[in-house]
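Colleague: I am new to this structure and would like a close look at one part of it, taken slowly and with each term explained as it comes up.

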Amino acid sequence: MTSTQVTDVQQKREQDLVDTVVRSFDGAGDERLRFIMQTLVKHLHAVVRETRLTEKEWEQAIAFLTDAGAITDDKRQEFILLSDVLGVSMQVIGVNNQAYADATEATVFGPFFVDGSPRIELGGDMAFGAPGEPCWATGTVKDTDGNPVQGARIEVWEADADGLYDVQRPEGHMAARAHLFSDDAGEYRFWGLTPTPYPIPADGPVGKMLDAVGRSPMRASHLHFMVTARGLRRLVTHIFVRGDEIGWKDTVFGVKESLIKDFVRHPAGTPTPDGRSVEGPWTEVRFDIVLAPAEPAQPSV
């Protein structure tokens, strides 16, 4: 056979295998599951064929996934970390939170949310002793028609000045996380910490992968929000610090222009909005939140 004929035979053999594997899922009773599995097979085989993946590379991939499973436990999810650094998490967020009017953009949930955070009243302090520079955060919660949303539950959590979340510390008590509710005018306010950059856990297979490809494990400085209200779409998002040293190099691709905010720094001795006595400098930030309807009739393009 000529080289062209050999190539044609090889291509047919490879495509025949793809077709056979795809057909193996034809009997799946769940139509959605069948569609996902067949699409996954097509794309996985396409990667193998396009890259001409070697057996050694396949073995390395299996070893990587095995290591990711071994390091995963009830406090660490290496597969979510892998999804994050590949941008898959952000893509899933984008697909499931379609643009609607001027609704606030969503971003990744992250691995450090904890149920059962303490409630604080408006103007309360969510730091609970965590180290860091104080930050006064204020804003409103409204719907896309501009109506204030009263009683919206606002979960907030963040890393401290050492780049650690409370769950990463041995003490075991909750800190730098809380929840509060918007008032009748849809307004909220609380004391938190000025966000600082920190690395994602980089001592496992995902960290080794980032190092091998020359990527940083650093996350841009951010403060997490999760906002829920009856009849409106749940919002999971962050706000980021304008001028942050990491910025658009955020390793999980979470930064969006609309979520970059001015954290205005005030020198020591500057009076605070609520009269609180603060030792040293402090910052303030405003974040106005707009929630989309729970079931938007016509997502904007």
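How many bridges join β7 to β8, and do these strands run parallel or antiparallel?

Modeller: Before the answer, please note that this is a predicted model, in which local features need pLDDT of at least 70 and side-chain atom pairs count only at pLDDT 80 or more, while totals for chains, interfaces and linings use all residues. Residues are numbered from 1 along each chain as its sequence is written, and side-chain values use heavy atoms, with hydrogens and water left out.

β7 and β8 are joined by six bridges and run antiparallel; strands here are DSSP runs of E with at least two residues, helices are runs of H or I with at least four, and both are numbered from the N terminus. Two strands are said to pair if DSSP finds at least two bridges between them. Within this pair, His 222 stands opposite Phe 240 in β8. Six residues lie between the two strands of this hairpin, and there Gly 231 takes a positive phi near 80°.

On its other connection, β7 is joined to β2 by five bridges, and these two strands also run antiparallel, with Trp 157 standing opposite His 224 in β7. β8, for its part, is joined to β9 by two bridges, and here the strands run parallel; Val 241 has Lys 261 in β9 as its bridge partner. Put together, these strands belong to an open sheet of five, in the order β3-β2-β7-β8-β9, with mixed pairing. β3 and β9 (260-261) are the edge strands, each of which pairs on one side only.

How covered is β7? Six of its seven residues are buried, where buried means under 20% relative accessible area, exposed means over 50%, and partly exposed lies in between (1.4 Å probe, protein chains only). For the protein as a whole, buried residues make up 40% of the 301 residues.

Part of this cover belongs to a nonpolar core, which is a set of buried Ala, Val, Leu, Ile, Met, Phe, Trp, Tyr and Cys residues joined through side-chain atoms within 4.5 Å. The largest such core has 34 residues, and those that touch the most other members are Val 141, Tyr 188, Phe 190, Phe 225, Val 227 and Ile 289. Strands that supply at least two residues each include β2 (153-157), β3 (177-181), β7 (222-228) and β8 (235-241), and also β1 (134-143). β8 gives the most to this core, with four residues. Apart from this core lies another, of nine residues, among them Leu 81, Leu 82, Val 85 and Val 252.

Val 141 shows how the core reaches across the chain: leaving aside its neighbours within four places in sequence, Val 141 is in contact (heavy atoms within 4.5 Å) with residues including Ile 154, Tyr 188, Val 227, Ile 289 and Leu 291.

Beyond the five-stranded sheet, β1 is joined by four bridges to strand β11 (residues 282-286), and the two run parallel; Thr 138 stands opposite Arg 286 in β11. β11 also pairs with strand β10 (residues 264-266), in the antiparallel sense and over three bridges, with Trp 282 as the bridge partner of His 266.

To set this part in its surroundings, the protein has six helices and twelve strands, and its C-alpha trace spans about 85 × 45 × 30 Å along the principal axes.
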